[in-house]
Amino acid sequence: MKNFLITGIIVLIASVSMNAQDISKNALGLRLGDSGGFGTEVTYQRALGNSTRLELDLGWRNRKDFNHNGYDDDAIKLAALYQWVMNIDGGFNWYVGVGGGLGTYGYDYNNDHYNDTFAFAAGDIGIEYNFPIPLLISLDFRPEFGGNGYYKNNYGSDIALSLRYQF
């Protein structure tokens with residue numbers, strides 16, 4: 001398994017260098033996730049090279065589950081991902097990334113209030129279209145591991161649509 005992972009990383013890095021392209025220096029927008037994940041996030045991307053970038057996402061959620069005696073939680077998290085961007089054709093790109101983040105949450109259950117913080121590791125894989133105008137639209141899948149009890153069985157995932165203004 002370890003050799004497979006190392007080989008996969010080498011192939012990924014080689015393919016990125018062969019498909020290098022220019023990506024936007026900065027992009028700012030919203031990442032709109034499904035209800036199984038964290039929900040809405042403010043997202044910022046910063047190019048680090050011709051085919052690599054850093055993505056920072058600040059997310060928050062407020063949810064109520066009336067099926068569990070009025071269970072209510074509030075949470076906020078910050079995620080950072082290093083991404084490799086590869087061109088498919090024209091304005092279409094695909095990307096993969098690794099990273100992690102920190103968060104805090106509080107919840108009320110049966111008139112008791114609980115607070116905790118958590119750290120997580122994350123992956124990211126997605127596809128994006130870079131319009132001729134300064135608009136970038138993407139669809140991605142992000143699995144997150146860890147969470148110190150925030151995620152059920154220490155795993156959470158999200159599928160999200162992002163809209164970003166490039167500058």
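Leucine 56 is partly exposed, with a relative accessible area of 33%. L56 lies in strand β3, and I begin there because that value falls between the 20% and 50% limits that bound the partly exposed class. I should state at once that this is a predicted model.

L56 belongs to a nonpolar patch on the surface, together with L28, L30, L32, V42, L58, W60, I76, L78, Y165 and F167. The accessible area of these residues together is about 980 Å². Three elements give two or more residues to the patch: β1, residues 26-33; β3, residues 52-65; and β4, residues 71-89.

Let me now turn to the overall fold. The protein chain has one helix and eight strands, and along the sequence the helix is followed by the strands, in the pattern α-β-β-β-β-β-β-β-β. Of its 167 residues, 39% count as buried. The chain exposes about 9500 Å², of which carbon and sulfur atoms supply 63%. Among contacts between residues at least 6 apart in sequence, 52% join residues at least 24 apart.

Next, strand β8, residues 155-166. Which residues make up its covered face, and which its uncovered one? The covered face consists of G156, D158, A160, S162, R164 and Q166, while Y155, S157, I159, L161, L163 and Y165 form the uncovered face. Y165 is also one of the residues of the surface patch.

Strand β8 has two pairings to report. With β1 it pairs in the antiparallel sense over seven bridges, and A27 has Q166 in β8 as its bridge partner. With β7, residues 135-146, the pairing is again antiparallel, over 11 bridges; here I137 has L163 as its partner in β8.

Consider S162 in this strand. The residue is buried, with a relative accessible area of 0%. Beyond its sequence neighbours within four places, S162 is in contact with L30, R31, L136, I137, S138 and D140. S162 and T40 are 122 residues apart in sequence, yet their C-alpha atoms are 9.6 Å apart in space.

I come now to the charged residues. Side chains of opposite charge can pair when their charged atoms come close. How many salt bridges does the structure hold? There are 10.

R142 takes part in two that I wish to show. In one, E41 pairs with R142, the closest N and O atoms being 3.4 Å apart. E41 lies in strand β2, residues 40-47, and R142 in strand β7, so this pair ties together parts that are 101 residues apart in sequence. In the other, R142 pairs with E55, with 3.3 Å between the closest N and O atoms. Since E55 lies in strand β3, that pair ties together parts that are 87 residues apart. E41 and R142 are both buried, and so is E55.

A further salt bridge joins E144 and K77, at 2.5 Å between the closest N and O atoms. E144 is in strand β7 and K77 in strand β4, 67 residues apart, and both are buried. These pairs belong to a network of salt bridges that links R31, E41, E55, D57, K77, D140, R142, E144, D158 and R164.

Finally, the nonpolar interior. The largest nonpolar core has nine residues: A75, A79, L81, Y105, F118, F120, A122, Y150 and Y151. The elements giving two or more residues to this core are β4 and β6, the latter spanning residues 112-130. A122 is in contact with residues including L81, G97, R142 and E144, leaving aside its neighbours within four places in sequence.

Methods
Residues are numbered from 1 along each chain as its sequence is written. This is a predicted model: local features need pLDDT of at least 70, side-chain atom pairs count only at pLDDT 80 or more; totals for chains, interfaces and linings use all residues. Side-chain values use heavy atoms; hydrogens and water are left out. Helices (H or I, at least four residues) and strands (E, at least two) are DSSP runs, numbered from the N terminus. Buried means under 20% relative accessible area, exposed over 50%, partly exposed in between (1.4 Å probe, protein chains only). Contact means heavy atoms within 4.5 Å. Accessible areas come from the Shrake-Rupley method with a 1.4 Å probe; for residues, only the protein chains shown count as cover. Patches are made of residues with over 30% relative accessible area and no salt bridge: like charges are joined within 9 Å, nonpolar side chains (Val, Leu, Ile, Met, Phe, Trp, Tyr) within 5 Å. A salt bridge is a side-chain nitrogen of Lys or Arg within 4 Å of a carboxyl oxygen of Asp or Glu. A nonpolar core is a set of buried Ala, Val, Leu, Ile, Met, Phe, Trp, Tyr and Cys residues joined through side-chain atoms within 4.5 Å. Two strands pair if DSSP finds at least two bridges between them.
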